[in-house]
Amino acid sequence: VALHRLGHFEQAFEALRVGSRFFQAQGNRPGEAFVCDNLAAMYREQGRPEEAARVWRYAQGLYDGITNPALQDVREAGLADIRAKLDQLGQAGHGA
């Protein structure tokens with residue numbers, strides 16, 4: 001996120017992609033969803049709403065797949081946040 005704020009867009013996108021792969025390899029759905037949320041926000045800021053929506057829908061699936069009862073608050077908050085962002089884009093009902 002800091003790289004993006006400094007104008008280093010390609011490095012920021014690549015750093016988030018690496019972070020996503022790292023969390024995915026660990027099976028850390030909340031971490032991967034968090035990274036995807038930031039990546040999607042960057043796409044939106046870059047004027048790339050379709051890519052933002054695609055990544056947010058992916059993050060939505062990650063949150064939806066959290067089954068650990070101890071993480072249900074994370075699941076519900078994450079889903080609500082992603083739905084609101086997709087609603088803002090007018091993308092809530094589009095495919096996964």
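Colour the chain by pLDDT to begin. This is a predicted model, and among the elements of the chain α1 has the lowest mean pLDDT, 81, while α4 has the highest, 96. The mean for the chain is 89, and 94% of its residues reach 70 or more.

Now switch to a cartoon view of the whole chain. Five helices and zero strands make up its secondary structure, so from the N terminus on the order reads α-α-α-α-α. The C-alpha trace spans about 40 × 30 × 20 Å along its principal axes. A compact globule with 96 residues would have a radius of gyration near 12 Å; the chain has 13 Å, which agrees. Of the 96 residues, 36% count as buried. Among contacts between residues at least 6 apart in sequence, 52% join residues at least 24 apart.

Next, select α2, residues 9-26. Its 18 residues should span 26 Å at 1.5 Å a residue, and the end C-alpha atoms are indeed 26 Å apart. Which residues of α2 are buried? Show Ala12, Phe13, Leu16, Gly19 and Ser20: these are the buried ones. Turn the view to look down the axis of α2; the buried residues fall within an arc of 125°, so they line one face of the helix. On the other side of α2, Glu10 and Ala25 are exposed. The cover over the buried residues of α2 includes α1 (2-5) and α3. Just after α2 comes Gly27, with a positive phi near 75°.

Move on to α4, residues 49-64. At 1.5 Å a residue, its 16 residues should span 22 Å, and the distance between its end C-alpha atoms, 22 Å, agrees. The buried residues in α4 are Ala52, Ala53, Val55, Trp56, Arg57, Ala59, Gln60, Leu62 and Tyr63. Add α3 (29-45) and α5 (72-89) to the selection; both are among what covers these buried residues.

Keep α3 and α4 on screen and pick Val55. What does Val55 touch, not counting residues up to four places away in sequence? The answer is Cys36, Leu39, Ala40 and Tyr43.

The last stop is the largest nonpolar core, which has 22 residues. Select Leu39, Tyr43, Val55, Trp56, Tyr63 and Ile82, the residues that touch the most other members. At least two residues of this core come from each of α2, α3, α4 and α5. The helix that gives the most is α3, with eight residues. In soluble globular proteins, nonpolar side chains tend to be buried together.

Key:
Residues numbered from 1 in each chain as written. Predicted model: local features only at pLDDT ≥ 70, side-chain atom pairs only at ≥ 80, totals over all residues. Heavy atoms only, no water. Helix = DSSP H or I, 4+ residues; strand = E, 2+ residues; numbered from the N terminus. Expected span 1.5 Å × (residues − 1). Buried < 20%, exposed > 50% of the residue type's maximum accessible area, 1.4 Å probe, protein only. Contact = heavy atoms within 4.5 Å. Core = buried A, V, L, I, M, F, W, Y, C linked by side-chain atoms within 4.5 Å. Arc of directions from axis to C-beta. pLDDT = per-residue confidence, 0-100. Rg over C-alpha atoms; globule rule 2.2 N^0.38 Å.
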